[in-house]
Amino acid sequence: MACLQKSFTVRTESHQQVVDISAQVAAVVAEAGITTGLCLVFVPHATAAITVNENADPNIGVDFLRALKKMVIEHDDWLHDRVDNNAAAHIKAALIGPSETLPISNGRLALGTWQDIFVCEFDGPRTRREVSVTVWG
Ligand code: ZN
């Protein structure tokens, strides 16, 4: 059994944005040198999330953010808006979740052809969103 844990940071440019982090995660998996195992990708933030979705058409990310915006209305008299005015971002982050666990097969992430890993920014732009990657197997 081997384990490797590393983190990197992501800069976001918009209030809401999805950022593809597949290459950075794959680099940690390659460095771990594990043939079969699991990879946990986690953001230690309350207004960001991790998801896995299509990589080929960038409009999927645009549609995803638009759908969430319709589901969670900004400034809908949320109690938390009285604290720092970002309740919708917290709710979206909670719906999507702060992590994904992915299989490692034959030494690499066993993602589908159309799947990539994304950080979801819901309260940007931010200069430093931390992503923690734990690989074991
Ligand atoms: Zn807040």
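# A walk from Cys3 to the zinc ion

Start with Cys3, which is exposed, with a relative accessible area of 58%. Keep in mind as you click around that this is a predicted model.

**Stop 1: the cysteines.** With Cys3 still selected, add Cys39. How many disulfides does the count come to? Zero. Cys3 is in no disulfide, and its nearest cysteine sulfur, on Cys39, is 10 Å away. Cys39 is likewise in no disulfide, the nearest cysteine sulfur being that of Cys3. A disulfide needs the two sulfur atoms within 2.5 Å, so this pair does not qualify. Colour the two by accessibility and you'll see Cys3 come out as exposed, while Cys39 is buried at 0% relative accessible area.

**Stop 2: the sheet.** Switch to a cartoon view. Five strands make an open sheet, in the order 1-8-3-5-6, with antiparallel pairing. Its edges are strand 1 (3–10) and strand 6, each of which pairs on one side only. Now select helix 1, residues 22–32: this helix packs on the sheet and touches strands 1, 3, 5, 6 and 8 (129–136). Its direction makes about 155° with that of strand 1.

Next, zoom in on strand 3 (residues 37–42) and strand 5 (residues 99–105), which pair in the antiparallel sense over six bridges. Which residue of strand 5 is the bridge partner of Leu38? Pick Pro103 and you have found that partner.

**Stop 3: a loop residue.** Select Leu111, in the loop between strand 6 (108–109) and strand 7 (115–121). Is Leu111 buried, exposed or partly exposed? At a relative accessible area of 23%, Leu111 is partly exposed. Show what surrounds this side chain: setting aside neighbours within four places in sequence, Leu111 is in contact with Val52, Leu102 and Ile117. Then draw a C-alpha to C-alpha distance to Asn53, and you should get 10.0 Å, although Leu111 and Asn53 are 58 residues apart in sequence.

**Stop 4: the zinc ion.** Finish by centring on the metal. Which residues coordinate the zinc ion? Show His80 (NE2), Asp84 (OD, listed twice), Asn86 (OD1) and His90 (NE2), at 2.0 to 2.6 Å. Along the chain, these donors follow the spacing H-x3-D-x1-N-x3-H. Try the accessibility colouring here too: His80 counts as partly exposed at 29% relative accessibility, whereas Asn86 is buried, with a relative accessible area of 8%.

Methods: Residues are numbered from 1 along each chain as its sequence is written. This is a predicted model: local features need pLDDT of at least 70, side-chain atom pairs count only at pLDDT 80 or more; totals for chains, interfaces and linings use all residues. Side-chain values use heavy atoms; hydrogens and water are left out. Donors are N, O and S atoms within 2.8 Å of the metal (3.2 Å for Na, K and Ca); water is not among the atoms, so sites may look incomplete. Buried means under 20% relative accessible area, exposed over 50%, partly exposed in between (1.4 Å probe, protein chains only). Helices (H or I, at least four residues) and strands (E, at least two) are DSSP runs, numbered from the N terminus. Contact means heavy atoms within 4.5 Å. Two strands pair if DSSP finds at least two bridges between them. Axes are lines fitted to C-alpha atoms, for helices over the stretch in contact, and angles run from 0 to 180 degrees between N-to-C directions.
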